[in-house]
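The following note was prepared for a colleague who wished to have a short structural reading of one chain. The points are numbered for ease of reference.

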Amino acid sequence: MPELDFRAPRLYVDAPLHAGQTIELERDQSNYLGNVLRLGAGDTILVFNGRDGEWKAEIAGRKRPDSLTIESQTRPQDRLPDLTYVFAPLKHARLDYMVQKAVEMGAARLQPVLTRFTQIARVNGERMRANAIEAAEQCGILSLAAVADPMPLDRFLSSRDPKRLLVFCDEAADVADPFAALRAAKAQGVDVLVGPEGGFAEEERTELLGQPQILRLSLGPRILRADTAAVAALTLVQSALGDWTGPAK
């Protein structure tokens, strides 16, 4: 694991990063640095944009922070493993938690899918992206997870690359050794699917089980809430097939 500076505040900026560049702060960023963190002119923070690595930057401004001057790169850009987290959206705080944890676990893409028993039909994409950015800022992550628009489950299944491994977290699967099953799987990219708390409708299960490259995975002898299942499933996949086994290739 690379050496990280956990004491320096980190900020996501949507701008190219290179030495000597000046970046104007948005109002909420200025408020966060000045009023929440109590930082001012001359203080330094770390910034990243998901493309150009991490950089040290100095705050400028008279009454409040209004810009950053980029000084030097602290870490080169990395990339996340080819891992998509596919999930039925939850309500409010539990969805926020699930998005944050999926980002912390190293998902490169978040794909909401709508099923018959999905609890909510409308998803706030901007809120999901804000939670993804906040998780990346707080956890030293350099590559920002993409947040996809929600789509019906059948459309997702019909449009996905059949060469990718679909890890279907299935409560009806036999309880066995999930780690061994994953290690034995061949993957050209992984989609991890956790369904709604009410489970899948029978026709949805039929379509799922007919997918190529599918691995039904039990998450143990207990029924997990969907947000807990997200952490459990991503932990297994990352430790068996992801970048927990070494740098992403």
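1. Does Asn131 count as buried or exposed? The model under review is a predicted one, and in it Asn131 counts as buried, because its relative accessibility is 8% and the cut-off for burial is under 20%. Asn131 belongs to helix α3. Beyond its neighbours within four places in sequence, Asn131 is in contact with Asp96, Val99 and Gln100.

2. The overall composition may be stated next. The chain contains 7 helices and 12 strands. Its C-alpha trace spans about 65 × 35 × 30 Å along the principal axes. Of its 249 residues, 47% count as buried. Among contacts between residues at least 6 apart in sequence, 73% join residues at least 24 apart.

3. On surface and charge, the accessible surface of the chain comes to about 13,200 Å². Carbon and sulfur atoms account for 49% of that surface. The chain has 30 positive and 34 negative charges, and the mean positions of these two sets are 1 Å apart.

4. Helix α3 also merits a check of its geometry. Its 14 residues should span 20 Å at 1.5 Å a residue, and because its end C-alpha atoms are 20 Å apart, the two values agree. The buried residues of α3 are Met128, Asn131, Ala132, Ile133, Ala135, Ala136 and Glu137. The cover over these buried residues includes β1 (10-12), β3 (44-48), β6, α2, β7 and β8 (146-147).

5. Helix α7, covering residues 226-240, gives a similar account. With 15 residues, α7 reaches 21 Å from its first C-alpha to its last, close to the 21 Å expected at 1.5 Å a residue. Its buried residues include Ala226, Ala229, Ala230, Ala233, Leu234, Leu236, Val237 and Ala240, and also Asp227 and Gln238. The elements against which the buried residues of α7 pack are β6 (83-87), α2, β10 (165-169), α5 (178-184), β11 (190-194) and β12.

6. Which residues touch the most other members of the largest nonpolar core? That core has 42 residues, and those in question are Tyr85, Leu95, Leu110, Val167, Leu182 and Val192. At least two residues of this core are supplied by each of β6, α2, α3, β10, β11, β12 and α7. The largest share, 8 residues, comes from α7. Another core, of 15 residues, lies apart from it and has Leu11, Trp55, Ile59 and Leu68 among its members. As general background, nonpolar side chains in soluble globular proteins tend to be buried together.

7. Two individual residues may be examined in terms of their contacts. Leu95 is in contact with Phe87, Pro89, Leu90, Val123 and Met128, once its neighbours within four places in sequence are left aside. Val113 is found in strand β7 (residues 109-114). Val113 counts as buried because its relative accessible area is 1%, against a cut-off of under 20%. When residues up to four places away in sequence are not counted, Val113 touches Val86, Phe87, Ala88, Pro89, Thr118, Met151, Leu153, Phe156 and Leu193.

8. How far apart in space are Val113 and Tyr32, which are 81 residues apart in sequence? Their C-alpha atoms are 33 Å apart. A second pair is formed by Leu46 and Leu11, which are 35 residues apart along the chain and have C-alpha atoms separated by 6.3 Å. Leu46 lies in strand β3 and is buried, with a relative accessible area of 6%.

9. Finally, two backbone angles should be noted. Phi of His92 is near 45°, a positive value in a residue other than glycine. His92 lies in helix α2 (residues 92-104), and it is exposed, with a relative accessible area of 62%. Phi of Gln213 is likewise positive, near 55°, and Gln213 is a residue other than glycine. Gln213 is located in the loop between α6 (202-209) and β12 (214-217). Is Gln213 buried, partly exposed or exposed? Gln213 is partly exposed, because its relative accessible area is 36% and the partly exposed class lies between the 20% and 50% limits.

Notes. Residues are numbered from 1 along each chain as its sequence is written. This is a predicted model: local features need pLDDT of at least 70, side-chain atom pairs count only at pLDDT 80 or more; totals for chains, interfaces and linings use all residues. Side-chain values use heavy atoms; hydrogens and water are left out. Helices (H or I, at least four residues) and strands (E, at least two) are DSSP runs, numbered from the N terminus. Buried means under 20% relative accessible area, exposed over 50%, partly exposed in between (1.4 Å probe, protein chains only). The expected span of a helix is 1.5 Å times one less than its number of residues. Contact means heavy atoms within 4.5 Å. Accessible areas come from the Shrake-Rupley method with a 1.4 Å probe; for residues, only the protein chains shown count as cover. Lys and Arg count as positive and Asp and Glu as negative; His and the chain ends are not counted. The place of a charge is taken as NZ of Lys, CZ of Arg, CG of Asp or CD of Glu. A nonpolar core is a set of buried Ala, Val, Leu, Ile, Met, Phe, Trp, Tyr and Cys residues joined through side-chain atoms within 4.5 Å.
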